[in-house]
Amino acid sequence: MLDNFVFENPQWFWLFLIMPVLIAWYIIKRGKQTAELKISTIKGFKVKQSWLVNIRPLLFVLRLLALAFLITAMARPRTVDVSTKTKTTKGIDIVMAIDVSASMLARDLRPNRLEALKDVASEFIQGRPNDRVGIVLYAGESYTKTPITSDKSIVLGALNDVKFSEVLENGTAIGMGLATSVNRLKDSKALSKVIILLTDGVNNSGTIDPKLASELAVEYGIKTYTIGIGSNGMALSPIGIKSNGQFQYGNQKVEIDEDLLKQIATVTGGQYFRATNNQKLEAIYEEINKLEKTEVEEFKFYNYKELFRSLVLAALGLIVVEVLLRFTIFRSFV
């Protein structure tokens, strides 16, 4: 409740330092504030002290309270109601082209390449609230898993559902994956169009040459970031299927056509990255997230409610009461 309560001129609170001085002065001078009559003896008088003497310090208390209210009023207390309106001035449309060939089940990343990618890509998508995202899957051929949309729940659900399937012809059709992604973005009206293409192999399938797909991306003004995923050397990868339908694993050499991926990135104005472990894969997506920033314009509207007036009125009221008491009830004691 106090989050929107502020003092515009808090430096006035330094005046509270005079309060102890005033209190000390009052204590010292208190005995001299009433008239004195000196006589030799009071044996012949009946002594009865008036109750007004005991409550006379009330006048000083009222004056101190009035001063405190005035100091607080000068500090200008007020409440601030802030309303914010954001406007996206530069939206980005992003297509994530994901290799789902059997080699993506290799276990050089934990628990395997595909699951590691899904975890990192999920965080990346959630960090792009103002952008539209789509997903393209490819192996020996390619298809659109999710067209570009601003509904992140749809995209995240589709990403979570991504898995290796024998429905797609096995292989790595980088050209077709890139071309399908370009097709998803070519009619986009966004000021910035980006493809994040990830693979763990070499282009060995498909009917579209990756270089031709790159030229299409350039023609439509689409930037492509390429990621080669896989450790250096050997990796525990699927080499066959057992009788129970499960994969049989064995060590295989990791082969990634880095020259091709670098060329695609360079031609389209993007960058090439190599992810050899989970940490590097995460760092790559963080780097892309920094490189592709959506410009958001924020408008803030402030509504102020001044509170000093009531304090000033309270101080004046206390002063009036103090003056009335001083010149009426306490008049004979002045």
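**Exercise 1. Find the volume of the largest pocket and describe its lining.**

*Solution.* Start with the volume: the largest pocket holds about 380 Å³. The term needs its cut-offs: on a 1 Å grid over the protein atoms alone, a pocket is an open set of points where a 1.4 Å probe fits, with protein on both sides within 12 Å along at least five of seven lines, and lining residues have an atom within 4 Å of a point. The volume is the space filled by probe spheres set on the points, which are joined across faces, edges and corners.

Next, look at the centre. Of the 21 lining residues, Ser101, Ser103, Thr172, Asp200 and Gln252 are the closest to it. Then sort the lining by class: 7 residues are nonpolar, 9 polar and 5 charged. Here Ala, Val, Leu, Ile, Met, Phe, Trp, Tyr, Cys and Pro count as nonpolar, Asp, Glu, Lys and Arg as charged, and the others, Gly among them, as polar. Finally, strands S8 (234-241) and S9 (247-253) each give at least two residues to this lining; strands (E, at least two residues) and helices (H or I, at least four) are DSSP runs numbered from the N terminus.

Before you go on, a word on the model: it is predicted, so local features need pLDDT of at least 70 and side-chain atom pairs count only at pLDDT 80 or more, while totals for chains, interfaces and linings use all residues. Residues are numbered from 1 along each chain as its sequence is written, and side-chain values use heavy atoms, with hydrogens and water left out.

**Exercise 2. Describe the aromatic pair of Phe7 and Phe13.**

*Solution.* The whole structure has 7 aromatic pairs, where rings of Phe, Tyr and Trp (its six-membered ring) pair if their centres lie within 6.5 Å, and planes under 30 degrees apart are stacked, over 60 edge-to-face and the rest tilted. Phe7 and Phe13 lie 4.9 Å apart, centre to centre, with 80° between the planes, an edge-to-face pair. Both belong to a cluster with Phe5 and Phe16. Now check accessibility: Phe7 is partly exposed at 32%, and Phe13 is partly exposed at 28% (buried is under 20% relative accessible area, exposed over 50%, partly exposed in between, with a 1.4 Å probe and protein chains only).

**Exercise 3. Which tyrosine rings have Arg78 and Arg107 over them?**

*Solution.* Take Arg78: its charged end sits over the ring of Tyr304, 3.9 Å from the centre. Arg107 lies over the face of Tyr249, at 3.7 Å from the ring centre. The criterion is NZ of Lys or CZ of Arg within 6 Å of the ring centre and within 35 degrees of the ring normal.

**Exercise 4. Check the span of helix H3 and follow the chain beyond it.**

*Solution.* H3 covers residues 57-74, 18 in number, and should span 26 Å at 1.5 Å a residue (1.5 Å times one less than the number of residues). Its end C-alpha atoms are 26 Å apart, which agrees. Its buried residues include Leu59, Phe60 and Ile71. After H3 comes Arg76, in the loop before strand S2 (77-90). Arg76 has a positive phi of about 60° although it is not a glycine, and its 32% relative accessibility makes it partly exposed.

**Exercise 5. Where is the cis peptide bond next to Pro111?**

*Solution.* The bond joins Arg110 and Pro111, with omega about -10°. Pro111 belongs to the loop between S3 and helix H4 (113-126).
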